[in-house]
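Start at the ligand, then work outward to the sheet and its core. Keep the structure in view as you read.

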Amino acid sequence: MEINSDLSYQKFLFPLPIYRTIKIGEAFSKDKEKFFIIVGLDKKMIEQLKKLSIDENDIELQKNTSDLKRFGLGSYKNWYKKERTPFILVHTNTNTLAAIVWFGPKPLGRKSIKYLEKKELMEDESLLNNDNWHTISYRCYPNFRGKGLVREFVIFAMKIYLKNVPHIKLWAGINIKNIASERLAESLGFKPLEKLSDRNSNYLVMVKY
Ligand SMILES: CC(C)(COP(=O)(O)OP(=O)(O)OC[C@H]1O[C@@H](n2cnc3c(N)ncnc32)[C@H](O)[C@@H]1OP(=O)(O)O)[C@@H](O)C(=O)NCCC(=O)NCCS
């Protein structure tokens, strides 16, 4: 995928105010489809995100993520309060959400909401995070998955995030059975951190220093 950006030099104060969006680039897939790269989601995109997150036919998403709970049943507003910065890839002709990647402060190794106890869910993550670890999470939705769109998009978003939120380290929590996600993380420069991983329950922590 080829990405053009005329805004990558600009300074942003992340996270943006909720519902604020800024178009930061355009991308062209190998088959010449055009996409916009945008930071933030407006209310219409949030509707799409919710719909995609409750899609029972998307077995991979349901098996490997907490998005049903996070965006389907949960509120985007509450999620955004955790200082998340989402970047999206939008198919220009159809205005369809093709992929999303987000970043935000999260204690190293902390599991996804699907696996947390009630008590843990009540904790304020920002107070636990005393070592500047930020999480990265990515999704590509079924109509666009497996087409080689994600890697370049994530690299682009990661570069902009790290430039504007410096002095942080990124980590990802991955299900070991999710080969696509693990390979993608590897190709982005993430390495397994065994001491915080739990291979018996298929939980792999990957870090990028
Ligand atoms: C993980 C996910 C985002 C990858 O998106 P994708 O559209 O398949 O990715 P791409 O086609 O752009 O491929 C990017 C890289 O991912 C890896 N990859 C993707 N599919 C793969 C597969 N079936 N097997 C092995 N590696 C795979 C490869 O490293 C690939 O790079 P390469 O083609 O240069 O080898 C996508 O599968 C997804 O959204 N899955 C459901 C949600 C999810 O699991 N998110 C991650 C939670 S931690």
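Four helices and strands, α2 (59-64), β6, α7 and α8, each supply at least two residues of the shell around the ligand. Helices (H or I, at least four residues) and strands (E, at least two) are DSSP runs, numbered from the N terminus. This is a predicted model: local features need pLDDT of at least 70, side-chain atom pairs count only at pLDDT 80 or more, and totals for chains, interfaces and linings use all residues. Residues are numbered from 1 along each chain as its sequence is written.

The largest share of the shell, six residues, comes from α8. In total, 22 residues surround the ligand, each with its C-beta atom, placed from the backbone, within 6 Å of it. The closest are N64, C140, V150, A180 and R183. By class, the shell has nine nonpolar residues (Ala, Val, Leu, Ile, Met, Phe, Trp, Tyr, Cys and Pro), six charged (Asp, Glu, Lys and Arg) and seven polar (the others, Gly among them).

Now turn to the sheet. It is open, has nine strands and mixed pairing, and follows the order β1-β2-β3-β4-β5-β6-β7-β9-β8. Two strands pair if DSSP finds at least two bridges between them. The edge strands, β1 (2-4) and β8 (191-192), each pair on one side only. Strand β8 runs antiparallel to β9 (residues 203-208), joined by two bridges. P192 has M206 of β9 as its bridge partner.

Helix α7 (residues 150-164) packs on this sheet and touches β1, β2 (22-28), β3 (34-39), β4 (85-91), β5 (96-105) and β6 (133-140). Contact here means C-beta atoms, placed from the backbone, within 7 Å. The direction of α7 makes about 35° with that of β5. Helix α8 (residues 179-187) lies across β7 (169-175) and β9, at about 160° to β7. Axes are lines fitted to C-alpha atoms, for helices over the stretch in contact, and angles run from 0 to 180 degrees between N-to-C directions.

Look next at β4. Six of its seven residues are buried (20 or more other C-beta atoms within 10 Å of their own, all placed from the backbone), so β4 is largely enclosed by the rest of the structure. Five bridges tie β3 to β4 in antiparallel fashion, and I38 stands opposite I88. Seven bridges join β4 to β5, also antiparallel. H91 is the bridge partner of T96 in β5. The hairpin of β4 and β5 has four residues between the strands, and N95 takes a positive phi near 55° there.

Methods: Contact = placed C-beta atoms within 7 Å. Buried ≥ 20, exposed ≤ 12 C-beta atoms within 10 Å, placed from the backbone.
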